[in-house]
Amino acid sequence: MAIAKAERLMNLALCLLGTRRPLSKRELRESIEAYLEAGSDDSFNRMFERDKDDLRELGLVIETVENLDGEVGYLARRDSNRLPPITLDAEEAAALGLAAKVWQQARLAGAASGALQKLRAAGLPEDVDPYGAHGALEPRIPVHEAAFEPLMLACRDRRPVVFEYRKASAARPEPRHVEPWALECWRGHWYLAGFDRDRGAERVFRLSRITGKVRSRGTGFTAPVPDVVTVRETVAGWAGEIADRSALIRLRTGAGYPLRAKATKVRELGDGWDELEIPYGHGLDAWLVEFGPDVVVLEPAELRADVVDRLRAVAKG
């Protein structure tokens, strides 16, 4: 469905940009195959209005013109939709080059590489090396989860989805009906932030815990979408970045280097164990479980209980 919609939007944009006179709805419907397949006039009208709004949201300037007979037509003038000249200095070019390099392991690799080539065609000097002094950097954002691509498209198209999700403390996955806002990578893991319809509140889901296929469910969001900064803060809070307390843990010597990097205090206990004081926020219990028998929670008691519950759930399968 996402590919069909993208193709439909492209065809509509090409029609509006390629015409020298306003085209009526009737003419547009006769020119675009997807509109011809619409079951009824009402279905076509709804589809066309949504597509028009989506193109405008993407930045296409569409004019609505009424002729002498009172018939409404649409067109997108090329001079109104032409980008200004693009000029980039060496540092900006390097930043874009590194950004394109980040996605080499993901499905976005082709799009990122293509965008860089278009920037060169638009004026990026050929003698500017996008990697330049940063050539030693090898940035990567690994994307191994099958749910990434359908969720990325759902976030872009503002389409609600349903998927099976297994919490770290649950033995079996359960269905979630979500209005997806954005995908964020935090500490090497991908998270989806969105509105959980069943719980009537915002939630964050780790993609590695999504099982089965991500399926579209209906159209339109029922909750407002926050800005990007707020979404990032939400992911950071749920994933444990925002901490307001401290926890005391026992960690096996030579293990748990990410925990050691976060520690505010470290004390050697001997017998192959160290004692660490680390920031304690939402999601710390799930993170500690990943270290298995190398970590023992000493305090607070509620964190210890949460970790034990999660370990028991994992043991039950």
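These are my notebook entries on a predicted model of one protein chain.

**Entry 1. Overview**

I began with the whole chain. It has eleven helices and twelve strands. Of its 317 residues, 38% count as buried. I then looked at contacts with a separation of 6 or more. Residues 24 or more positions apart account for 56% of them.

**Entry 2. The five-stranded sheet**

I looked up the strand order next. Five strands make an open sheet in the order β7-β6-β5-β4-β8, and the pairing is antiparallel. Which strands stand at the edges? They are β7 and β8, the latter covering residues 210-216. Each has a single partner strand, so one side of each has no neighbour in the sheet. From one strand to the next, the twist averages 45 degrees.

**Entry 3. The β6-β7 hairpin**

I stayed at the β7 edge. Strand β6 spans residues 189-196 and strand β7 spans residues 201-206. The two pair in the antiparallel sense over six bridges. I noted two facing pairs. Tyr-191 stands opposite Arg-206 in β7. Leu-192 stands opposite Phe-205 in β7.

How many residues lie between β6 and β7 in the hairpin? There are four. Gly-200 sits in that turn, with a positive phi of about 65 degrees.

**Entry 4. Helix α7 against the sheet**

I turned to what packs on the five strands. Helix α7 packs on this sheet and touches β4 (161-165), β5 (174-186), β6 and β8. The direction of α7 makes about 90 degrees with that of β5.

Which residues of α7 are buried? I listed Phe-148, Leu-151, Leu-153, Ala-154, Cys-155 and Asp-157. One of them, Asp-157, belongs to the charged class.

Arg-158 follows just after α7. I placed Arg-158 in the loop between α7 and β4. Its phi is positive, about 55 degrees, although Arg-158 is not a glycine. Is Arg-158 buried, partly exposed or exposed? Its relative accessible area is 35%, so it counts as partly exposed. The cut-offs are under 20% for buried and over 50% for exposed.

**Entry 5. The three-stranded sheet**

I found another open sheet, with three strands in the order β1-β3-β2 and antiparallel pairing. Here β1 (23-24) and β2 (63-66) are the edge strands. Each has a single partner strand, so one side of each is left without a neighbour in the sheet. Strand β3 covers residues 72-75 and pairs with β2 over four bridges, in the antiparallel sense. Within this pairing I noted Thr-64, which stands opposite Tyr-74 in β3.

**Entry 6. The largest pocket**

I moved on to open space. The largest pocket has a volume of about 1,200 Å³. It is lined by 35 residues. Those closest to its centre are Lys-5, Leu-9, Asp-54, Leu-55 and Leu-58.

Which elements give two or more residues to the lining? They are α1 (2-18), α4 (41-57) and α7 (148-157). So α7, the helix that packs on the five-stranded sheet, also appears in this lining. The most comes from α1, with eleven residues.

I checked the lining by class. It has 14 nonpolar, seven polar and 14 charged residues.

**Entry 7. Ile-278 and its contacts**

I picked one residue in strand β11, namely Ile-278. Is Ile-278 buried or exposed? Its relative accessibility is 1%, so it counts as buried.

I then listed what Ile-278 touches, leaving out residues up to four places away in sequence. The contacts are Arg-245, Ser-246, Ala-247, Ile-249, Leu-259, Ala-263, Leu-284 and Leu-288. I followed up one of these, Ala-263. Ala-263 and Ile-278 are 15 residues apart in sequence, and their C-alpha atoms are 4.5 Å apart in space.

**Entry 8. Backbone oddments**

I closed with two backbone details. Asp-271 lies in the loop between β10 (265-270) and β11 (273-281). Its phi is positive, near 55 degrees, and Asp-271 is a residue other than glycine. At 79% relative accessibility, Asp-271 counts as exposed.

Where is Pro-300? I found Pro-300 in the loop between β12 (295-299) and α11 (301-316). A cis peptide bond joins Glu-299 and Pro-300, with omega at about 5 degrees.

Methods. Residues are numbered from 1 along each chain as its sequence is written. This is a predicted model: local features need pLDDT of at least 70, side-chain atom pairs count only at pLDDT 80 or more; totals for chains, interfaces and linings use all residues. Side-chain values use heavy atoms; hydrogens and water are left out. Two strands pair if DSSP finds at least two bridges between them. On a 1 Å grid over the protein atoms alone, a cavity is a set of points where a 1.4 Å probe fits but cannot get out, and a pocket is an open set with protein on both sides within 12 Å along at least five of seven lines; lining residues have an atom within 4 Å of a point. Grid points are joined across faces, edges and corners, and a volume is the space filled by probe spheres set on the points. Axes are lines fitted to C-alpha atoms, for helices over the stretch in contact, and angles run from 0 to 180 degrees between N-to-C directions. Contact means heavy atoms within 4.5 Å. Buried means under 20% relative accessible area, exposed over 50%, partly exposed in between (1.4 Å probe, protein chains only).
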